[in-house]
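Work through the exercises below with the model open. Try each task before reading its solution.

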Amino acid sequence: MSYQFADRMAKPHRSFVTEILKVTENPEIISFAGGLPNPRFFPVRELAEATTKAMERDGRSALQYATTQGYLPLREYIAQRYRQKKGLQVSPEEILITNGSQQGFDLLCKLFLNRGDGIILERPAYHGAIQAFGLYEPAFETVPLLADGIDPELLAKACQTPGMKFLYTVTNFQNPSGLSYSDARRGEVARIVHRHDIMLVEDDPYGELRFQGKDLPTMRSYLESAILLGTFSKTVAPGLRLGWVCADREVIEQLSYAKQATDFHSNYFAQMVLHQYLIDNDVDAHIAVLTAAYKEQAATMLSAIASYFPLEVSCTRPDGGMFIYATLPGGLSALKLFDQAAEEKVAFVPGQAFHPYGKGGDDSLRLSYSTLDGEAIEEGIRRLGRVIRRNLS
């Protein structure tokens with residue numbers, strides 16, 4: 001049979017990272033490629049206890065169809081945490097539970113994007129967002145990241161492009177760069193998009209993984225109409241596949257309609273178990289353990305980079321999250337290095353994965369330190385440094 005796929009599949013943004021991860025299936029590979037939380041810290045016992053408790057208390061409801069917007073006590077928990085941690089006055093009616101924040105991208109596209117509409121992305125940008133947005137055939141406009149956030153002058157220029165719908169941004173420990181927006185830059189960005197009547201979508205999967213510096217407000221503190229995406233994948237466990245969208249009630253209502261056409265509702269059983277875990281345990285203490293470990297791992301990677309990489313290689317120095325972004329000298333290609341590094345049994349993600357249609361980033365690469373111990377990090381960076389030096393000689 002000759003399949004006739006939809007036009008939108010003609011140029012899909014296939015997951016470059018998924019293809020790269022196939023290389024890392026070899027257990028001898030030291031992989032800096034996957035942006036994964038460290039499974040050593042998954043609360044296995046606590047989640048098992050929460051599962052038993054939730055099932056014994058209300059198992060029949062947990063296994064039944066449920067409301068699209070999500071388990072009310074979980075939405076109340078998220079809203080309360082926004083109030084306590086961020087000073088945001090958010091109600092449960094402004095929260096929609098999704099299958100990870102990745103589903104949030106898809107639902108927002110269904111709600112707001114027509115073919116050819118414009119999306120402003122940071123350069124570099126999160127590859128999962130590029131992939132999700134790309135299926136809706138938008139016109140991408142990329143604006144470079146500076147040390148303290150997106151370039152405001154170029155952002156203002158991009159906002160003037162006809163048909164521009166929204167800016168997608170990761171303000172805390174961005175994937176892939178590890179960079180964060182300063183307080184001043186957040187306010188400036190909010191003023192720019194408000195002036196040009198552009199929506200702002202802030203994705204914050206890493207915000208609670210800060211290991212140095214002070215916590216900063218969400219973009220909704222500067223712009224009331226900002227849409228926020230959150231997830232439990234980085235702080236509890238990604239296998240739960242639970243995230244959320246926080247937005248005005250009108251937006252949440254429309255997103256709920258869009259979600260009903262996809263899956264009726266996210267896993268209600270998992271929502272009830274997660275909520276039980278959250279109320280029974282000290283989540284902040286758990287996150288403190290994560291951030292202490294990631295701080296040590298990031299410091300180990302930066303120290304190894306200083307020891308083994310050529311001085312011409314520059315890299316970011318994150319205050320949290322999971323990533324360091326390196327820029328190679330002299331037009332050296334990260335794609336070329338990838339194959340050579342694989343022969344040395346070390347893997348990373350070339351920067352092209354973080355640009356629409358792979359157009360850009362050839363001289364850069366992402367390194368994740370989150371899943372490896374100090375010894376593996378140092379050995380992997382030593383191997384990668386050897387490959388880089390060989391190509392510069």
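**Exercise 1.** How many nonpolar, polar and charged residues are in the lining of the second largest pocket?

*Solution.* Note that the model is predicted. Start with the extent of the pocket: its volume is about 560 Å³. Next, take the lining, which has 28 residues. Sorted by class, they are 13 nonpolar, 6 polar and 9 charged. Finally, go to the centre: Arg-81, Lys-85, Lys-86, Gly-207 and Glu-208 lie nearest to it.

**Exercise 2.** Find which element supplies the largest share of the lining of the second largest pocket.

*Solution.* List the elements that give at least two residues each: helix 3 (72-86), strand 8 (227-231) and helix 10 (283-308). Then pick the top contributor. Helix 3 supplies 6 residues, the largest share.

**Exercise 3.** Describe the cavity found in a search of the whole structure.

*Solution.* Apply the cut-off of 30 Å³ or more: 1 cavity is found. Its volume is about 30 Å³. Now read the lining. Residues there include Pro-37, Phe-41, Phe-42, Lys-234, His-286 and Tyr-294. By class, the lining has 6 nonpolar, 4 polar and 1 charged residues.

**Exercise 4.** Lay out the open sheet of 4 strands and name its edge strands.

*Solution.* Write the order: 10-11-14-13, with antiparallel pairing. Mark the edges: strand 10 (314-315) and strand 13 (349-350) each pair on one side only. Recall that strands of a sheet pair through backbone hydrogen bonds. Now zoom in on one pair. Strand 10 and strand 11 (residues 323-327) run antiparallel, over 2 bridges. Within this pair, Ser-314 sits opposite Thr-327 of strand 11.

Technical notes. Residues numbered from 1 in each chain as written. Predicted model: local features only at pLDDT ≥ 70, side-chain atom pairs only at ≥ 80, totals over all residues. Heavy atoms only, no water. 1 Å grid on protein atoms, 1.4 Å probe; cavity = no way out; pocket = protein on both sides within 12 Å on 5 of 7 lines; lining within 4 Å. Points joined across faces, edges and corners; volume = space filled by probe spheres on them. Nonpolar A, V, L, I, M, F, W, Y, C, P; charged D, E, K, R; others polar. Pairing = 2+ DSSP bridges.
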